[in-house]
Amino acid sequence: MITIKDEHILLDQTYSNAEAAITAAGEFLVAQGLVSPPYIQSMLARHRKVSVYVGNFVALPHGDSDGHPHIEEEGICLIQVPDGVNFGSGQKAQIATILFVVALKEKQLEALQDIAFFCSAIENVMALSDAKDLQAVQTILQNS
């Protein structure tokens with residue numbers, strides 16, 4: 001089961017491209033006190049090295065190893081982008097409607113496995129994409 005605090009969930013967001021989504025996700029992590037501002041650059045660097053798109057309409061923005069010193073408190077945030085944002089290219093679109101934003105050190109592998117398992121069921125992702133409020137999101141996460 002994936003546990004995400006209500007204050008770590010953003011619904012109905014819109015971004016023009018992957019870089020804008022990653023930057024906004026990083027700023028959200030900063031605002032929540034999970035990371036310091038330099039972590040955002042490590043998130044962008046990670047995406048430049050290898051796409052943070054993981055399939056099934058899900059992206060998993062997180063920092064590279066250089067970002068670990070900038071993690072203040074471990075946590076996972078969820079950002080819903082109902083209209084989607086392209087994490088691929090013009091030639092190969094990779095549309096994400098859900099962003100699981102991760103700022104983890106110790107529990108990273110366990111959390112990534114939980115997210116991967118959850119997202120392997122497309123009905124879970126579609127339910128999150130369609131959720132209209134925080135209660136609906138929490139119900140989906142708890143019942144998966």
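**Note on the predicted model: helix packing, the sheet and two loop residues**

1. In helix H4 of this predicted model, the residues Asn124, Val125, Leu128 and Ser129 are buried. These four cover an arc of only 135° around the axis, which puts them on the same side of H4. On the other side of the helix, Glu123 and Asp130 are exposed, and a reader new to the structure may wish to follow both sides of H4 through the points below.

2. Ser129, which lies in helix H4, can be taken as an example from the buried side. Its relative accessibility is 9%, and because buried means under 20%, Ser129 counts as buried. When its neighbours within four places in sequence are left aside, the residues in contact with Ser129 are Gln80, Pro82, Thr97 and Ile98.

3. The sheet is open and has five strands, arranged in the order S1-S4-S5-S3-S2, and the pairing within it is mixed. Strand S1 (9-10) and strand S2 (53-55) stand at the edges and have a single partner strand each, so one side of each is left without a neighbour in the sheet. Helix H4, which spans residues 122-130, packs on this sheet and touches S3, strand S4 (75-86) and S5, while its direction makes about 90° with that of S5.

4. Within the sheet, the pairing of S3 with S5 deserves a separate look. Strand S3, residues 58-59, and strand S5, residues 95-103, run parallel and are joined by two bridges. One of the residues involved is Ala59, whose bridge partner in S5 is Leu99. As background, strands of a sheet pair through backbone hydrogen bonds, either parallel or antiparallel.

5. Helix H4 also packs against helix H5 (residues 134-143), at an angle of about 165° and with the two axes 9 Å apart. That angle makes H4 roughly antiparallel to H5, and the crossing in which H4 passes H5 is left-handed. The residues that meet are Asn124, Ala127 and Leu128 on the H4 side and Val137, Ile140 and Leu141 on the H5 side. Asn124 and Leu128 thus appear again, having been listed among the buried residues of H4.

6. A further helix pair is formed by H1 (18-31) and helix H2 (residues 38-49), whose axes come within 9 Å and cross at roughly 150°. The two helices are therefore roughly antiparallel to each other, and their crossing is right-handed. Residues of H1 that meet H2 include Ala18, Ile22, Ala25, Gly26, Leu29 and Val30, and among the residues they meet on the H2 side are Tyr39, Ile40, Met43, Leu44 and His47.

7. Two loop residues call for attention when the backbone is checked. Most residues other than glycine have a negative phi. Asp12, although not a glycine, has a positive phi of about 55°; this residue is found in the loop between S1 and helix H1, and it is exposed, with a relative accessible area of 58%. Asn56 is likewise not a glycine and has a positive phi of about 55°. Asn56 lies in the loop between S2 and S3, and at 30% relative accessibility it counts as partly exposed.

Technical notes
Residues numbered from 1 in each chain as written. Predicted model: local features only at pLDDT ≥ 70, side-chain atom pairs only at ≥ 80, totals over all residues. Heavy atoms only, no water. Pairing = 2+ DSSP bridges. Contact = heavy atoms within 4.5 Å. Axes fitted to C-alpha atoms, helices over the stretch in contact; angles between N-to-C directions. Buried < 20%, exposed > 50% of the residue type's maximum accessible area, 1.4 Å probe, protein only. Arc of directions from axis to C-beta. Parallel < 35°, antiparallel > 145°, perpendicular 65-115°, else oblique. Left-handed = near helix turned anticlockwise from the far one by under 90°.
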